[in-house]
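Here are a few exercises to work through with the model open on your screen. Try each task before you read its solution.

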Amino acid sequence: MELALLYKGLDRDCFTVLKILDSMLGKYEYVPLEIIERKSKLPPKVLARVLTKLNKIKAIIRTLTPKTGYRLTYIGLDLLALHSLSNAGVIAYLGTKVGMGKESEIYIAKNPEGQLLAVKFYKIGRVSFQKVKRVRSYLVDEANWIIRSKVTAEREYKALKDLIKFTPYVPKTYGWNRHAVVLSYISGIELYRYKVAIDPKGLLEKILSALREAYLHVGIVHGDLSEYNIVVSMEGDNEVPYIIDWPQYVYRDDPNHEALLRRDVEYVLKFFKRRYRVNIDVERAIKYVRGEAERLWV
Ligand SMILES: Nc1ncnc2c1ncn2[C@@H]1O[C@H](COP(=O)(O)OP(=O)(O)O)[C@@H](O)[C@H]1O
Ligand SMILES: [Mg+2]
C-alpha cells in the first residue's frame with residue numbers, strides 16, 4: 001500500500017507506539033511487550049489493536065520467542081518522520097514515490113503553501129539486510145542501519161542549508177526529521193539522460209561554479225559527483241543544473257579532499273567532453289574550483 005494511505009490510516013495511539021519503538025532502537029532487538037505497555041499507558045485492548053494494525057502494515061515486526069516483543073521497520077520510521085514533519089508544518093501533503101536511489105527513496109510532497117517538495121528517505125542497508133538477515137541479528141544490522149540513515153539525513157540537511165547561501169545550483173532544503181530530508185522538488189532530467197543540451201558550456205560553467213562556492217565558502221567537496229547526481233531543469237529559456245545527493249561530502253581539511261575534488265571535476269569534465277564535446281582543461285578547472293584561478297577560461 002502507498003505510504004500516504006498507510007499514514008492516513010493511523011491514529012494517535014499508533015504514533016505513540018511507533019515513537020516508543022524508535023526511542024528504544026539499538027537497546028533491544030525486540031522491545032518486550034511489557035515495556036511498550038508500561039511506556040504507552042494504553043489500555044491492553046487498545047494496545048493490542050494498535051500492535052496488530054502496525055504489524056499488518058509492516059511498520060513493526062513481532063517476535064513470540066523468547067517472549068513477545070516488537071521492533072520498528074523502515075516503514076514505521078517513514079510514518080514517524082512524516083508525522084513529525086507534518087506536525088512541524090514542513091509538509092502538508094504526500095504524493096507518490098518519484099525516485100529510487102541505491103540507499104534512498106524519494107517522494108513528491110507539498111508544503112502548506114502548495115509548493116512542490118521532494119522528501120528523501122534514507123534506507124541504508126535496505127538491500128543488504130535482506131541477505132544477511134539469517135546470519136546476524138537485527139541489533140547489529142537493521143538497527144544500526146536505521147541509526148546511520150538518521151545521521152546521513154542530518155548530514156545532508158546541514159550541507160544543503162549552508163550551500164544554498166552561496167550557490168543557486170543545489171536543492172533548497174526545508175527541514176529534516178529522523179532519516180528524511182525535505183528538499184525543493186526539481187522538475188528536471190538527470191544529466192545522464194539529458195541528450196541534447198542547448199548550452200552545454202554554460203551548463204558546465206554553472207556546475208563548476210557550484211563546486212567552487214562549495215569549496216571556498218562552505219569548505220566542502222561533494223565526493224560522489226557524476227551525471228547521476230546532477231539534474232537539469234528548464235527554467236524559462238534557461239537550463240539550470242542542480243547538484244544533488246550530498247551526504248558523503250568531505251571537509252577541506254580531510255586528507256582525501258584533494259583526491260575527491262579531482263575525481264569529481266574529472267568525472268564531470270569527461271562526461272561533458274564525451275556527450276557534448278565541451279573541452280575544459282582539468283588542471284585549470286581544479287584551480288578554478290579551489291580559488292587559485294579567478295576564471296575558468298584562460
Ligand atoms: N530534490 C529532488 N527533486 C526531484 N527529484 C529528486 C530530488 N532529489 C533526488 N531526486 C531523484 O531521486 C534520485 C535519487 O536521489 P539521490 O539524492 O541521488 O539519492 P541516492 O543517494 O539514493 O542516489 C535522483 O536521481 C533524482 O532522480
Ligand atoms: Mg544519487
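## Exercise 1: the largest cavity

Start with the wall: Leu211, Ala214, Tyr215, Ile220, Val221, His222, Trp246, Leu261, Asp264, Val265 and Val289 line the largest cavity. Keep in mind that this is a predicted model.

**Task.** Work out which elements give two or more residues to this lining, and how the residues divide by class.

**Solution.**
- Step 1: match the residues to elements. Those that give two or more are α8 (200-218), β10 (220-221) and α9 (257-276).
- Step 2: sort by class. You should get nine nonpolar, one polar and one charged residue.
- Step 3: add the volume. About 60 Å³ of space lies in this largest cavity.

## Exercise 2: the second largest cavity

**Task.** How many cavities of 30 Å³ or more are there, and what lines the second largest cavity?

**Solution.**
- Step 1: count. The total is two cavities of 30 Å³ or more.
- Step 2: get the volume. The second largest cavity holds about 40 Å³ of space.
- Step 3: look at the wall. Ten residues line the second largest cavity, and Leu21, Leu25, Val31, Arg71 and Leu72 lie nearest its centre.
- Step 4: find the main contributor. Strand β3 (residues 69-72) gives the largest share of this lining, three residues.
- Step 5: sort by class. The lining has eight nonpolar, no polar and two charged residues.

## Exercise 3: the sheet around β3

**Task.** In what order do the three strands of the open sheet run, and which are the edge strands?

**Solution.**
- Step 1: read the order. The open sheet goes β1-β3-β2, with antiparallel pairing.
- Step 2: pick out the edges. β1 (31-32) and β2 (60-63) each pair on one side only, which makes them the edge strands.
- Step 3: check the β1 side. β1 and β3 pair over two bridges, and Pro32 stands opposite Gly69 in β3.
- Step 4: check the β2 side. Four bridges join β2 and β3, and here Thr63 stands opposite Gly69.
- Step 5: trace the connection. A hairpin of five residues leads from β2 to β3.

## Exercise 4: the largest pocket

**Task.** Explain why the largest pocket is said to lie between domain 1 and domain 2.

**Solution.**
- Step 1: get the volume. About 940 Å³ of space lies in the largest pocket.
- Step 2: find the centre. The pocket is lined by 32 residues, and the closest to its centre are Ser104, Ile106, Asn229, Ile244 and Asp245.
- Step 3: list elements with at least two lining residues. Among them are β4 (93-100), β5 (104-110), β6 (116-122), α7 (142-163) and β8 (180-184).
- Step 4: bring in the domains. Domain 1 (3-184) and domain 2 (189-289) both give residues to the lining, so the pocket lies between them.
- Step 5: sort by class. The lining has 15 nonpolar, eight polar and nine charged residues.

## Exercise 5: a closer look at Asn229

**Task.** Is Asn229 buried or exposed, and which residues does Asn229 touch?

**Solution.**
- Step 1: place the residue. Asn229 sits in the loop between β10 and β11 (230-235).
- Step 2: apply the cut-off. Buried means under 20% relative accessible area; Asn229 has 8% relative accessibility, so Asn229 counts as buried.
- Step 3: list the contacts. Leaving out residues up to four places away in sequence, Asn229 touches His222, Asp224, Tyr242, Ile243, Ile244 and Asp245.
- Step 4: link back. Among these contacts, His222 also lines the largest cavity, while Ile244 and Asp245 are among the residues closest to the centre of the largest pocket.

Notes:
Residues numbered from 1 in each chain as written. Chains lettered and ligands numbered in written order. Predicted model: local features only at pLDDT ≥ 70, side-chain atom pairs only at ≥ 80, totals over all residues. Heavy atoms only, no water. 1 Å grid on protein atoms, 1.4 Å probe; cavity = no way out; pocket = protein on both sides within 12 Å on 5 of 7 lines; lining within 4 Å. Points joined across faces, edges and corners; volume = space filled by probe spheres on them. Nonpolar A, V, L, I, M, F, W, Y, C, P; charged D, E, K, R; others polar. Domains from an automatic or database assignment. Pairing = 2+ DSSP bridges. Buried < 20%, exposed > 50% of the residue type's maximum accessible area, 1.4 Å probe, protein only. Contact = heavy atoms within 4.5 Å.
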